[in-house]
Amino acid sequence: MLFNYFKIAIRNLWKFKFYSLINILGLAAGITAFLFIFLYVTDELNYDAYHPRVERIYRADVDGQLGGQELRSADNGAPFGPTLRDEFPEVEDFTRLRSRSSYLVKYDNNHFREDEVIFADSNLFQFFSIPLIQGDVQSALRAPNSIVISEEMANKYFGQEDPMGKVLVLDNNEGYKVTGVRAEMPDNTDLKFDFYASLGTLEESRSNQWGNMNFTTFLLLREGTDATAFTDKFSPIIVKKYFAPEVEKYIGQSWDDFIAGGNRFSYILFPLKDIHLHSDKGSELGANGDIKYVWIFSIIGLFILLIACINFINLSTARSAIRAKEIGIRKVVGAQKRHLFVQFLSESFLLSVLSMLVAALLVKLFFPYFNDLSGKQLAVSQLFSTRFLITVLALIPLIGLLAGSYPAVFLSRFKVVNVLKGGLFKGKTKDSLRNSLVVFQFLITVALISGTLVVYKQLQYIQDKNLGFDRDHLLILNDVYALQKNVQAFKTKAQAYPEVENATVSSFLPVPSIRNTTSFFLGRNPEQDKIVILNNWDVDEDYIPTMGIKMAEGRNFSTDFLSDSTAVVINQRMAQYFGDEDPIGKEISEFGDNDELVVYKIIGIIEDFHFSSLRQSIDPLAFFLKPSSGFMTLRLNGNELSTTIQKLKGDWETMAPGQPFAYTLMDERFNRMYDGENQIGKIIGAFSILAIFIATIGLLGLVSFAAQQRTKEIGIRKVLGASMASIVGLLSRDFIRLILIALLIAIPLTWYAMNQWLENFAYRANIPWWIFVVAGLVAIVIALLTVSFQTIKAALANPVKSLRNE
């Protein structure tokens with residue numbers, strides 16, 4: 001019997017090739033979108049989930065408020081980990097990492113700039129169960145100046161040679177002996193680096209200072225330990241015993257008075273498995289995701305799959321008039337309702353299988369493009385993972401039931417009498433359901449189009465916003481410290497070129513680069529109510545004019561004033577801490593080496609500029625006239641960029657022979673800050689186009705159904721002299737009404753959802769009304785084109801034939 005059902009199903013699919021093709025393409029497109037989103041979501045949800053002890057690993061974070069400013073950091077003091085392991089039995093082990101940075105790495109005469117370098121405790125590989133191809137996981141980083149490298153770096157630097165025992169020189173300074181080669185790791189981890197240097201090499205790793213928070217510290221809790229209860233236990237003890245005495249020493253008052261002044265400080269434990277999607281603190285090891293985007297994409301994937309299933313429902317019911325005679329004959333010869341139900345459901349399952357096969361081919365074909373679109377590096381092997389294959393197999397019956405149940409019930413319930421009398425389609429119940437489905441389809445489509453436009457509106461706002469500095473025509477040279485004693489000579493020679501207007505040397509840029517925050521005091525007296533957490537940048541006297549930053553009051557640094565070595569230039573946000581007083585001439589201070597108070601005099605105030613993402617507000621900032629040779633930034637006059645770079649490269653090779661010459665443009669580094677938003681916009685845009693395509697197919701099915709219902713009416717109207725335009729308008733009117741209903745529902749929902757997304761930005765664009773107008777017009781135009789295709793076909797039909805058939 002089942003074989004007979006499928007044989008008839010194949011026969012019907014072949015008989016109605018056009019509708020079968022539309023059904024298969026629509027379902028295949030929906031399944032493809034769903035599977036791609038499934039890959040994206042599962043990759044995000046399983047970040048660092050491969051560690052065997054992931055449920056017991058936590059990162060120790062800091063949460064507090066000092067001087068009215070929030071203190072949220074993923075870093076901790078050097079003694080935190082060892083102290084907790086020694087004093088609390090709940091802690092089985094700990095490991096620490098010193099934040100990632102860029103280094104010049106040298107072997108023989110080969111120099112490369114490497115971005116994935118980190119310093120780690122000797123137990124890192126054992127702690128996280130990271131395998132090594134060569135070397136011992138327990139001892140590879142035990143000795144100072146030892147380093148473990150990835151297999152890729154081993155091939156890059158040593159080729160066929162055995163890397164073990166070879167020495168790599170970092171930043172033309174210390175040599176590090178290769179003691180291990182890391183095996184390949186999944187891409188969805190924040191612990192995948194190319195170079196792991198021994199943390200014991202750094203003197204600061206043995207520091208007893210709790211306030212110098214430069215180490216990402218992970219704790220392994222013992223089996224059965226409740227992390228929340230343990231945090232409540234250890235945090236107040238550690239703060240009172242170790243952190244508070246340091247603060248009291250500097251501010252000269254008790255910790256209780258410090259807390260009474262509105263300050264707070266505590267430690268929290270953050271689960272390793274939740275870091276990627278739920279953490280957004282300073283000093284994160286990698287670029288984290290956002291759980292909100294996971295939810296958004298999950299919902300989009302489900303909705304697109306639903307739209308595809310709705311298409312099948314609409315197209316199946318649209319063909320019901322064609323199948324009516326077949327159903328009537330089957331019932332006359334004795335077919336029961338359940339037999340017809342199984343028959344039509346078998347057709348649905350067959351279409352589901354065929355659609356899944358097409359979707360599998362599309363996923364394989366577009367897999368590299370999806371990686372580019374999403375910014376991920378998903379491996380093709382994930383298409384054959386158990387999780388993915390189970391999802392594919394589960395979708396076949398699920399889609400078969402979801403898409404085929406209503407058509408199967410609807411068609412199997414036809415009454416023979418109604419079929420023979422031609423009263424099959426009387427009543428509005430089924431029309432209401434189909435209309436509701438079309439409204440839902442276009443509601444989702446309009447929402448996706450509107451959401452895409454809002455994302456790009458915000459990105460355009462970011463591009464157009466006055467940042468407070470001029471990012472155009474700025475060329476950045478990396479790793480200027482490689483010039484060593486020739487830094488100033490290189491800068492002077494560069495400034496002499498007619499294409500170069502100015503140049504500055506500093507490790508700090510108004511785009512993502514290294515950051516340094518320190519507690520400063522207003523005036524010379526360290527008091528708790530005068531603490532400011534201040535971003536402090538070491539710059540030279542050319543930094544402000546080169547960056548195009550404007551002075552609000554006072555003056556810039558000058559080599560004509562020897563006293564500027566103890567001077568400071570602050571931003572307007574920092575100036576607010578002085579209240580109504582004029583900050584020029586006032587002093588700020590910090591504790592320097594040997595706990596001595598260092599005092600700086602304010603000589604100027606710059607206008608506020610954005611040196612972080614527009615997601616964040618502008619924080620207090622201060623410039624100090626001190627040498628810092630991370631980058632050289634040159635302001636060009638916009639002419640002959642390639643020629644200028646060649647000149648600079650020639651000078652570099654003369655003054656720093658053998659050192660890599662690397663450069664970028666300020667615009668490029670600025671745009672990199674918003675790679676995440678760009679990826680989101682591209683993904684939503686791509687799925688918007690897909691939703692439009694699928695919804696259009698569904699609309700085509702509904703129009704076909706309407707044309708079939710009104711064949712006799714159209715014939716009569718044409719005989720009575722109705723024009724083609726009036727007939728097209730007659731059939732189009734109802735569908736445009738459905739699109740307008742979808743638009744009215746979509747506008748408030750999309751406006752609310754996109755306002756929630758914009759809340760992530762401290763500086764954001766307003767949502768203009770025209771976005772919804774454009775989204776609505778796009779949907780209406782596409783609907784009109786689709787409807788017109790079918791209605792014009794019906795209007796051009798010979799009325800004699802339609803009336804004769806009736």
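**Notebook: salt bridges and cores**

Started with E92, which pairs with R56 in a salt bridge, closest N and O atoms 3.0 Å apart. I'm working on a predicted model here. I checked where the two partners sit: E92 is in strand β4 (residues 91–107) and R56 is in the loop between α2 and β1, so I noted that the pair links distant parts of the chain, 36 residues apart.

Then I looked up accessibility for both. E92 comes out at 31% relative accessibility, so I logged it as partly exposed. R56 has 15%, which puts it under the 20% cut-off for buried.

Next I pulled up R59 and E284. Their side chains meet in a salt bridge at 2.8 Å, N to O. This pair also links distant parts of the chain, with R59 in strand β1 and E284 in the loop between α8 (275–278) and α9 (291–318), 225 residues apart. I have both R59 and E284 down as buried.

Third pair on my list: E499 and K647, a salt bridge with the closest N and O atoms 2.9 Å apart. E499 lies in the loop between α15 (487–496) and β14 (500–506) while K647 is in helix α18 (residues 641–655), so the bridge ties together parts 148 residues apart in sequence. I wrote E499 down as buried because its relative accessible area is 10%. K647 has 30%, so that one goes down as partly exposed.

I also went looking for shared partners. R53, R56, E92 and E223 are joined into one network by salt bridges that share partners. My opening pair, E92 and R56, belongs to that network. For the whole model, I get a count of 34 salt bridges.

Switched to the nonpolar side of things. Which residues touch the most other members of the largest nonpolar core? I found L35, F297, W537, I549, F609 and F623, out of 107 residues in that core. Helix α2 (residues 17–45) supplies the largest share, 13 residues. A second core lies apart from that one; it has 31 residues, including L84, V91, F234 and W255. For background, I jotted down that nonpolar side chains tend to be buried together in soluble globular proteins.

Last stop was W537. Leaving out residues up to four places away in sequence, I listed what W537 touches: F508, L509, P510, R515, Y543, F609, F611, L621, A622, F623 and F624. Two of the contacts on that list, F609 and F623, also turned up with W537 among the core residues that touch the most other members.

How values were computed. Residues are numbered from 1 along each chain as its sequence is written. This is a predicted model: local features need pLDDT of at least 70, side-chain atom pairs count only at pLDDT 80 or more; totals for chains, interfaces and linings use all residues. Side-chain values use heavy atoms; hydrogens and water are left out. A nonpolar core is a set of buried Ala, Val, Leu, Ile, Met, Phe, Trp, Tyr and Cys residues joined through side-chain atoms within 4.5 Å. Buried means under 20% relative accessible area, exposed over 50%, partly exposed in between (1.4 Å probe, protein chains only). Helices (H or I, at least four residues) and strands (E, at least two) are DSSP runs, numbered from the N terminus. Contact means heavy atoms within 4.5 Å. A salt bridge is a side-chain nitrogen of Lys or Arg within 4 Å of a carboxyl oxygen of Asp or Glu.
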